[in-house]
Amino acid sequence: MKITLTTLAALLAATFTAHAQFDVNNIKSITVVKNNSNSAVTETREIGRSSLECVYKSLSPERGTEEEPIRMREDRMILQTGGGVSKFYSYYNFAKDSLMKADPANAMNAMKHKDGTSACLYTGYPEAGRLTLTDGVGSTYYMYEDAVPRIEWTIGDQTREILGYECRRADCTLYGRRFTAWFAEEIPVASGPWKLQGLPGLVMAASDDEGLYSFEIIGLRNVERPIDYTGRKYIETSRQKYLQQLHRFKNNPMGYLIQSNEMIIETRDGSKPSTESDMEEFLMIETDYKH
């Protein structure tokens, strides 16, 4: 599928700007190759039910520009919990996928909506004590299973109020990062955003000590809803291998897409676009992997 730069400008401008080696004016056309993509949804099935729905504001680093090499990306994350299975996913990505599903012929219009993370975390699935993560890296979707982490929390006496709830401070080290969390004992659910769980109350806010990754609850309601699992022909992998791929993609998206033959760029002068990046590197939220 060949798409002109004009058509893709609004969608890829930030990525091109972020890649110091690209001369946007020298690009004639872009061919997006999705022949081997496994992004198509094969099934949607109910795997549990939730009684509590939480919305978090999430901040994380992303590739920026030469003037601002790393900038903060905001997302709205939904946590469905209160049962045997929990699900943590992006509202922005959910809304975009819903628009594309409702009107496939108008996919480009849906693509203009705010983008969120494609990662989806299921805790307590496929069984208690296990978790499943699915995510798209480029146009390829991966899935891995792992044990739910046994977090050694240190609970302190410091408190703060969040959404009218008194929350206590707790600290831990998880996957190479030090986190401070605030949990509400008044909400006796041992869940929280991402993989931060196991406290005697809902985690209402959390951030790492570098200030790169943070979550803060902005809304919650008691509502019973099904928890749906989205099936694709995922490539099954390990947590470490997934993080290695994600690290490569996040730190050099255009280079990754070109090297994996997911994108072909035709230049006006016939030169080959560089796949190198000289911009500042940043690590994923989990740092205990080799890249």
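This passage describes the confidence, sheet architecture, hairpins, backbone geometry and one pocket of a predicted protein model.

The protein chain of the predicted model has an average pLDDT of 85, and 84% of the residues score at least 70. Two stretches fall below a pLDDT of 50. In residues 1-11, where the pLDDT is below 50, the model shows 23 contacts beyond near neighbours in sequence. Residues 13-20 likewise have a pLDDT below 50, with 28 contacts beyond near neighbours in sequence. Predicted coordinates should not be read in detail where pLDDT is low.

The strands considered here belong to an open sheet of 12 strands with mixed pairing. Their order across the sheet is S9-S10-S11-S12-S13-S3-S4-S5-S6-S7-S8-S14. The edges are occupied by strand S9 (154-162) and strand S14 (235-236); each has a single partner strand, so one side of each is left without a neighbour in the sheet. Helix H4, spanning residues 239-251, packs on the sheet. The contacts of H4 involve strand S3 (43-63), strand S4 (70-81), strand S7 (130-137) and strand S8 (140-147), and the direction of the helix makes about 30° with that of S7.

Several antiparallel pairings can be described in residue detail. At the S9 edge, S9 pairs with strand S10 (residues 165-174) in the antiparallel sense over six bridges. Within this pairing, Glu161 is placed opposite Glu166 of S10. The hairpin formed by S9 and S10 has two residues between the strands. Leu163 lies in the loop of this hairpin, between S9 and S10, and adopts a phi near 55°, a positive value in a residue other than glycine.

Strand S13 (residues 214-231) pairs with S3 in the antiparallel sense, over 15 bridges. Lys57 stands opposite Glu216, a residue of S13. S13 also pairs with strand S12 (residues 202-208), again in the antiparallel sense, over three bridges. Here Ala206 stands opposite Phe215 of S13. In the S12 and S13 hairpin, five residues separate the strands, and Gly211 takes a positive phi near 75°.

A further backbone feature occurs at Pro126, in the loop between S6 and S7. The peptide bond from Tyr125 to Pro126 is cis, with omega near 15°.

The second largest pocket of the model has a volume of about 310 Å³. Its lining comprises 21 residues, of which Ser86, Thr123, Ala190, Ser191 and Gln197 lie nearest the centre of the pocket. Two or more lining residues are given by each of S4, strand S5 (86-90) and strand S6 (120-123). The largest share, three residues, is contributed by S5. Classified by type, the lining of the second largest pocket contains nine nonpolar residues, 11 polar residues and one charged residue.

Key:
Residues are numbered from 1 along each chain as its sequence is written. This is a predicted model: local features need pLDDT of at least 70, side-chain atom pairs count only at pLDDT 80 or more; totals for chains, interfaces and linings use all residues. Side-chain values use heavy atoms; hydrogens and water are left out. pLDDT is the predictor's confidence in each residue, from 0 to 100. Contact means heavy atoms within 4.5 Å. Two strands pair if DSSP finds at least two bridges between them. Helices (H or I, at least four residues) and strands (E, at least two) are DSSP runs, numbered from the N terminus. Axes are lines fitted to C-alpha atoms, for helices over the stretch in contact, and angles run from 0 to 180 degrees between N-to-C directions. On a 1 Å grid over the protein atoms alone, a cavity is a set of points where a 1.4 Å probe fits but cannot get out, and a pocket is an open set with protein on both sides within 12 Å along at least five of seven lines; lining residues have an atom within 4 Å of a point. Grid points are joined across faces, edges and corners, and a volume is the space filled by probe spheres set on the points. Ala, Val, Leu, Ile, Met, Phe, Trp, Tyr, Cys and Pro count as nonpolar, Asp, Glu, Lys and Arg as charged, and the others, Gly among them, as polar.
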